[in-house]
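Please report on how the helices of this protein pack, what holds its metal ion, and where selected residues sit.

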Amino acid sequence: MEEKYTGKSIFKGVAIGRIMIYGKKEQPVKREKIEDTDAEVRRYEAAKEKAIADLGELYEDAVKKVGKDNAEIFNVHAMLLQDDDFNDSIHNMIESQKVNAEYAAAVTGENFSKMFAEMDDDYFKARSADMKDIAERLVKVLSGREDKTVFDQPVIIAADDLMPSETVQLDKDKVIAFVTRYGSSNSHTAILARTMNIPALINIPVDPSWDGQMAIVDGHTGTLYLDPEASTLAEEQKKLDQDLEQRRLLQELKGKPNVTLDGREINLFANIGGPKDLVSVLQNDAGGIGLFRSEFLYIGRDELPTEEEQFQAYKQVAETMAGRLVVIRTLDIGADKKADYLHLEPEANPALGFRAIRICLTRPEIFRTQLRALFRASAFGNIAIMYPMITSLEEIRQIREIADSVKKELDDAGVPYKKDIQQGIMIETPAAAIMTDVLAPEVDFFSIGTNDLTQYTLAMDRQNDKLDAFYQPHHPAILRLIQTTIENGHKGGAWVGICGELGADTTLTETFIQMGVDELSVSPAMVLPVREAIRKSHAKRV
Ligand code: PEP
Ligand code: MG
């Protein structure tokens with residue numbers, strides 16, 4: 001039976017596939033009363049045969065991928081499934097207690113697992129986890145849920161919530177949509193969905209029992225369909241085809257300049273989280289990278305990335321972009337972007353807390369390592385460095401001092417780097433925006449971070465889903481600060497871009513151009529739609 005849930009869309013598009021519940025694999029098995037126990041035993045036997053056949057296939061596949069020795073575990077599981085004691089226990093439970101096969105298998109698995117765990121023999125102890133595993137396999141086959149291996153196929157990830165550190169660890173080639181209960185449109189997970197160009201919904205009452213079910217995510221209407229009917233499937237497939245057609249049409253804009261009707265050219269760059277996003281940058285024909293969120297190299301791991309690891313990542317991006325500008329933002333960690341190994345203390349107001357440049361200036365050893373990696377990589381392409389969360393001139397002076405001393409260290413060691421490397425700052429606090437006349441002469445460029453600028457100007461936590469209705473990036477206060485920043489930047493000799501999500505809002509493209517913006521940096525999938533909007537705009541106000 002089709003079920004329908006309406007939530008809030010945070011990125012458009014349609015995805016059709018199976019759901020994978022993220023992080024909650026174990027599901028309670030319900031105990032049900034059975035009348036026809038003979039039929040239930042037969043159902044169990046059929047499921048067991050299927051599970052054994054599945055394991056045979058898994059074994060063959062694993063031999064090819066990981067070798068005979070490592071594949072052996074699947075043979076062991078197939079043998080355990082044929083164990084007389086295990087099967088007698090399940091048959092007996094079904095017949096004597098008149099319970100469903102799923103329940104009998106789960107309880108028997110649990111009992112045998114405990115029994116093995118208590119044995120002295122190490123071999124049997126090790127079988128404890130295997131008993132649970134085979135019971136879980138039986139329950140999956142019995143309840144018609146697909147085995148985990150199906151998730152080698154693309155899946156719709158469903159979860160209560162997804163932290164950026166979790167999202168970043170997902171295999172991006174296998175994820176076709178996100179569905180969560182919590183989260184907000186301005187969270188970093190939402191930004192990741194946009195970077196990945198996949199539909200995403202929030203405010204959906206995700207239930208663990210959906211694991212493995214067929215579903216459709218419609219990011220146009222904010223709807224999730226579970227077990228869709230044929231008519232829904234046909235309708236949504238049509239939408240998916242239309243989206244693909246739209247994308248194909250946009251492809252025709254590849255290679256065309258970002259020029260307005262009256263001849264003004266705008267730089268149109270892409271935002272990325274790491275080298276993995278480069279394919280999409282090139283596919284969508286971005287003219288450079290306007291924001292490389294380097295903190296994604298730091299999260300979802302157990303220790304700081306080394307200078308060499310960072311150097312390799314920055315170098316790869318610079319080389320791939322082949323001389324086009326690559327703006328790399330220094331570590332912007334804190335608030336929702338966490339790294340446990342930094343041991344940052346919990347704070348009452350993390351968005352207003354110890355984060356980004358504040359951490360870097362307090363712990364200069366972390367900052368210096370990153371700067372060394374950045375300067376070294378600058379010898380391999382057109383890298384620019386950008387500093388986040390700036391609020392004052394003093395911070396810029398402190399940064400400059402550290403950066404100069406790192407440069408001197410490299411000079412002394414004879415390590416090459418780009419001597420005229422551009423250095424700029426994010427304008428994402430009202431303090432910085434208001435002080436842009438003073439800050440502009442100190443830097444090469446400004447990049448306006450409208451996500452945080454909106455949060456701090458409107459005093460609204462961008463992570464709080466209750467505020468989505470109030471969070472107004474088109475608020476005149478924001479537009480005024482953007483205008484001021486552009487004017488002051490130009491007066492002080494700095495070029496000005498926008499790298500927050502508002503930069504991709506095509507209803508504002510003409511406004512930004514008329515304000516005089518030099519560059520827009522957007523998620524890769526938005527490059528061609530924004531190019532289309534630029535080419536329909538007038539730079540001069542008429
Ligand atoms: C911003 O604040 O607008 C921005 C681009 O940075 P982030 O979203 O990573 O905070
Ligand atoms: Mg920001």
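H3 and H4 cross in a right-handed sense. This is a predicted model. The axes of H3 (residues 84-97) and H4 (residues 101-117) come within 9 Å of each other, and the crossing angle is roughly 135°. The two helices are therefore oblique to each other. H3 contributes Asp85, Phe86, Ser89, Ile90, Met93 and Ile94 to the contact, and H4 contributes Ala101, Tyr103, Ala104, Ala105, Val107, Thr108, Gly109 and Phe112. By class, these residues are ten nonpolar, three polar and one charged.

Phe116 is also part of H4. Its relative accessible area is 10%, so Phe116 counts as buried. From Phe116 to Ser187 the C-alpha distance is 45 Å, with their positions 71 residues apart in sequence.

**Packing around H12**

H12 (364-377) packs against both H10 and H13. The table sets out the helix pairs.

| Helix pair | Crossing angle | Axis distance |
|---|---|---|
| H3 and H4 | roughly 135° | within 9 Å |
| H10 and H12 | about 35° | 8 Å |
| H12 and H13 | about 55° | 10 Å |

Take H10 (residues 307-320) with H12. H10 passes H12 in a right-handed crossing. On the H10 side, the contact holds Glu307, Glu308, Gln310, Phe311, Tyr314, Lys315 and Ala318. On the H12 side, the partners are Thr369, Gln370, Arg372, Ala373, Leu374, Arg376 and Ala377. Six of the contact residues are nonpolar, three are polar and five are charged.

H12 and H13 (residues 393-413) pack at about 55°, with axes 10 Å apart. That angle makes H12 oblique to H13. Their crossing is right-handed. Here H12 offers Pro364, Phe367, Arg368, Leu371, Arg372, Phe375 and Arg376. H13 answers with Ile399, Ile402, Ala403, Ser405, Val406, Lys407, Glu409 and Leu410. This contact divides into nine nonpolar residues, one polar and five charged.

Ser378 sits in the loop between H12 and strand S12 (382-387). With 2% relative accessibility, Ser378 is buried. Leaving out residues up to four places away in sequence, Ser378 touches Ile383, Tyr417, Lys418 and Ile421. Pro476 is 98 residues from Ser378 along the chain, and their C-alpha atoms are 38 Å apart.

**The magnesium site**

Which residues coordinate the magnesium ion (ligand 2)? Glu428 does so through OE and Asp452 through OD, at 2.0 to 2.1 Å. Glu428 belongs to the loop between strand S13 (422-427) and helix H14 (430-434), while Asp452 lies in helix H16, so the pair ties together parts that are 24 residues apart in sequence. Both residues fall under the 20% cut-off for buried: Glu428 is buried at 2% relative accessibility, and Asp452 is buried at 3%.

H16 (residues 450-457) also holds Thr454. Thr454 has a relative accessibility of 1% and counts as buried. Beyond four places in sequence, Thr454 touches Ala459, Tyr471, Gln472, Pro473 and Ile478.

**Helix H19**

Is H19 (residues 527-535) mostly covered or mostly open? H19 is mostly covered, with seven of its nine residues buried. Those seven are Val527, Leu528, Pro529, Val530, Arg531, Ala533 and Ile534. The elements that cover them include helix H8 (230-251) and strand S9 (267-272). Helix H18 (509-515) and strand S16 (519-522) are also among the covering elements.

**The whole chain**

The protein chain has 19 helices and 16 strands. Its C-alpha trace spans about 85 × 55 × 45 Å along the principal axes. Of the 542 residues in the chain, 53% are buried. Among contacts with a separation of 6 or more, 69% join residues 24 or more positions apart.

Key
Residues are numbered from 1 along each chain as its sequence is written. Chains are lettered from A and ligands numbered from 1 in the order in which they are written. This is a predicted model: local features need pLDDT of at least 70, side-chain atom pairs count only at pLDDT 80 or more; totals for chains, interfaces and linings use all residues. Side-chain values use heavy atoms; hydrogens and water are left out. Helices (H or I, at least four residues) and strands (E, at least two) are DSSP runs, numbered from the N terminus. Buried means under 20% relative accessible area, exposed over 50%, partly exposed in between (1.4 Å probe, protein chains only). Contact means heavy atoms within 4.5 Å. Donors are N, O and S atoms within 2.8 Å of the metal (3.2 Å for Na, K and Ca); water is not among the atoms, so sites may look incomplete. Axes are lines fitted to C-alpha atoms, for helices over the stretch in contact, and angles run from 0 to 180 degrees between N-to-C directions. Angles under 35 degrees count as roughly parallel, over 145 as roughly antiparallel, 65 to 115 as roughly perpendicular and the rest as oblique. A crossing is left-handed if the near helix is turned anticlockwise from the far one by less than a right angle, and right-handed if clockwise. Ala, Val, Leu, Ile, Met, Phe, Trp, Tyr, Cys and Pro count as nonpolar, Asp, Glu, Lys and Arg as charged, and the others, Gly among them, as polar.
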